[in-house]
Amino acid sequence: MKNTNGSDLRRLQWLLIAFTGMATAAIAADPSGTRPPNILFIFSDDHAYQSIGAYGSRLVETPHLDQLAKSGMRFDRCLVTNSICGPSRATILSGKYSHANGFLTNGGKMRFDGSQVTFPKLLQSAGYQTAVIGKWHLVSDPTGFDYWHILPGQGAYYNPPMNDNGRAVKHVGYSTDIITDLSLDWLKNRDPQKPFLLMCQHKAPHREWAPNLKYLGHDNDRMYSEPTTLFDDYSGRGMAEKSQDMTIAKTMTAQDLKLKEPKNLTPEQLEKWNAYYQPRNAAFEAANLQGRDLVRWKFNRYMHDYLACTKSVDESVGRMVQFLKENQLEENTLVVYSSDQGFFLGEHGWFDKRWIFEESLRTPLLVKWPGRVKPDSTNQQIVSNVDFAETFLEAAGLPVPAEMHGKSLLPILRGENPTNWRNSFYYHYYEFPGAHSVRKHYGVVTDRYKLVQFYGGNANYAELFDRQSDPQELVNVIDDPQRAQVLGELRTELARLRAELKVPDQNSEDSN
Ligand code: CA
């Protein structure tokens with residue numbers, strides 16, 4: 001077990017009781033207010049920090065997420081181990097990197113091995129009531145949850161079929177609202193004598209960014225200011241950047257752009273959909289836009305739809321937090337908001353994620369825990385989705401399995417400045433060939449630098465980026481003699497991290 005410094009005596013007492021099988025009785029008695037915290041984990045899919053007010057965005061208003069940040073801590077550099085949906089979820093549950101939890105890619109025959117140790121299982125066996133509701137995306141059925149009600153695969157935005165603990169069900173409405181309603185229902189009907197873990201996991205704002213119909217036109221046909229790199233030509237970088245398939249210009253489909261109506265709407269829903277999109281699509285067809293004007297039109301359509309999706313996610317956060325308030329659950333509930341990774345909103349001309357580059361690597365992380373986490377605080381340390389499991393275990397007063405790769409965030413949440421915190425971070429993306437043709441790569445990230453190694457097929461080269469002189473990561477400076485020393489240090493650190501994490505040699509990957 002890892003050393004969980006900071007667990008107080010009361011928590012250790014609870015732990016001992018939990019491990020002797022009397023957790024429920026101990027919690028029910030709750031004689032001194034020592035009950036472990038409830039954990040509400042609100043999670044979204046592909047939510048870019050660039051679109052959250054608390055992170056400085058002016059693209060859309062996100063009052064509930066902003067309030068959550070004000071009530072607790074905003075992490076400014078939460079990095080993911082592998083920037084894609086299923087692998088991020090597997091990392092969060094297992095507290096381990098992809099090579100160790102076995103879920104490396106979304107594609108192929110990946111299936112999460114639900115027999116491995118996960119933090120929900122450990123909480124469940126210690127007396128927590130556990131539930132996961134919404135997007136799961138790990139192929140195998142959830143384990144470690146008393147209740148699960150999940151979208152199959154990627155799930156649908158409108159009228160989604162779902163799987164209720166093994167039973168196929170169909171809902172009418174919008175997925176973000178449905179997942180929130182189901183989450184609130186579960187909270188209302190839970191056993192109030194036990195602490196809970198609820199993972200409320202939205203599909204939104206994942207591709208194809210299909211808005212709640214009530215938010216169509218939310219931006220009054222605003223023209224969004226475009227990122228300065230919308231027309232990036234990838235000069236100064238290698239073939240991986242040049243050969244990807246994830247540009248707004250070339251990759252977006254008619255469905256992404258809402259030039260085709262969705263198939264599964266009710267007649268009433270379709271009427272609302274058409275009332276918004278049809279006249280605008282007709283004007284677009286008539287304008288016969290070309291070149292950069294066409295890309296700009298696509299970018300604005302993308303922003304309207306994506307940001308509308310984030311409005312529903314924000315609303316969900318507001319409803320969940322309000323429920324806690326109204327039911328006197330606020331004081332003893334650790335609320336976490338995060339996304340499975342970041343997302344490009346036109347930077348480098350891209351949508352999607354996958355890369356070690358900042359917009360993809362960095363994910364939002366907001367944590368509220370009244371009385372424990374100082375309101376309106378921020379943190380710039382490198383933290384990660386690999387840290388979530390250990391944080392939840394330590395918050396519950398439970399020991400952390402030695403095999404987990406992260407670090408509990410509790411010292412940081414208590415406002416301490418731990419001297420032994422990580423200064424470097426290992427990243428690894430595996431899905432090639434695959435959707436969007438992003439080459440396999442791994443690398444080391446520090447507060448200032450990124451050293452990335454592309455590999456596989458005909459892409460075998462390294463690049464170095466200095467975010468201080470080049471925050472947009474446009475210039476590969478690996479051949480700059482002035483940076484020879486730092487390059488050597490980063491190479492050493494990358495090798496050290498790979499050895500410490502026991503990352504298999506890349507030549508053994510081809511069987512995946
Ligand atoms: Ca995702």
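Reader: Is cysteine 78 buried or exposed?
Author: This is a predicted model. A residue counts as buried when its relative accessible area is under 20%. The relative accessible area of cysteine 78 is 0%, so cysteine 78 is buried.

Reader: How many disulfides are there by the distance rule?
Author: A disulfide needs two cysteine sulfur atoms within 2.5 Å. For cysteine 78, the nearest cysteine sulfur belongs to cysteine 85 and is 16 Å away. For cysteine 309, the nearest is again that of cysteine 85, at 15 Å. By this rule the count of disulfides is zero.

Reader: Is cysteine 309 buried or exposed?
Author: Cysteine 309 is in no disulfide. Its relative accessibility is 0%, and cysteine 309 therefore counts as buried.

Reader: Which residues are the protein donors of the calcium ion?
Author: Along the chain, the donors follow the spacing D-D-x293-D-Q. They lie 2.2 to 2.7 Å from the calcium ion. The donors are Asp45 (OD), Asp46 (OD), Asp340 (OD), Asp340 (OD) and Gln341 (OE1).

Reader: How many residues apart are aspartate 45 and glutamine 341?
Author: Aspartate 45 is in the loop between β1 (38-44) and α3 (63-71). Glutamine 341 is in the loop between β8 (333-339) and α11 (358-361). The pair links distant parts of the chain, and the separation is 296 residues.

Reader: Is glutamine 341 buried or exposed?
Author: Aspartate 45 has a relative accessibility of 0%, so aspartate 45 counts as buried. Glutamine 341 has a relative accessible area of 0%, so glutamine 341 is buried.

Reader: What span should helix α14 have at 1.5 Å a residue?
Author: Helix α14 has 17 residues, 484-500. Its end C-alpha atoms are 24 Å apart, which agrees with the expected span of 24 Å.

Reader: Where around α14 do its buried residues lie?
Author: Val486, Leu487, Leu490, Glu493, Leu494, Leu497 and Arg498 are buried in α14. Their arc around the axis is only 135 degrees, so they are on the same side of α14.

Reader: Which residues of α14 are exposed on the other side?
Author: What covers the buried residues of α14 includes β12 (425-429), β13 (440-445), β14 (449-455) and β15 (461-466). On the other side of α14, the exposed residues are Gln485, Thr492, Ala499 and Glu500.

Reader: Which residue with a positive phi follows α14?
Author: Helix α14 covers residues 484-500. The residue that follows α14 with a positive phi, near 55 degrees, is lysine 502.

Reader: In which helix do tryptophan 273 and tyrosine 277 lie?
Author: A search of the whole structure finds 29 aromatic pairs. Tryptophan 273 and tyrosine 277 form one that is tilted, with 4.5 Å centre to centre and 40 degrees between the planes. They are four residues apart, about one turn, and both lie in helix α9 (residues 267-287).

Reader: Is tyrosine 277 buried or exposed?
Author: Tryptophan 273 has 3% relative accessibility and therefore counts as buried. At 0% relative accessibility, tyrosine 277 counts as buried.

Reader: What is the arrangement of the rings of tyrosine 442 and tyrosine 455?
Author: Tyrosine 442 is in strand β13 and tyrosine 455 in strand β14, 13 residues apart. Both tyrosines, 442 and 455, are buried. Their ring centres are 5.6 Å apart and their planes at 50 degrees, so the pair is tilted.

Reader: Which residues form one aromatic cluster?
Author: Aromatic rings pair if their centres lie within 6.5 Å. One cluster is formed by Tyr234, Phe344, Trp350, Trp355, Phe357, Phe454, Tyr461 and Phe465.

Technical notes. Residues numbered from 1 in each chain as written. Predicted model: local features only at pLDDT ≥ 70, side-chain atom pairs only at ≥ 80, totals over all residues. Heavy atoms only, no water. Helix = DSSP H or I, 4+ residues; strand = E, 2+ residues; numbered from the N terminus. Expected span 1.5 Å × (residues − 1). Buried < 20%, exposed > 50% of the residue type's maximum accessible area, 1.4 Å probe, protein only. Arc of directions from axis to C-beta. Contact = heavy atoms within 4.5 Å. Donors = N, O, S within 2.8 Å, 3.2 Å for Na, K, Ca; no water. Phe/Tyr/Trp six-rings, centres within 6.5 Å; stacked < 30°, edge-to-face > 60°.
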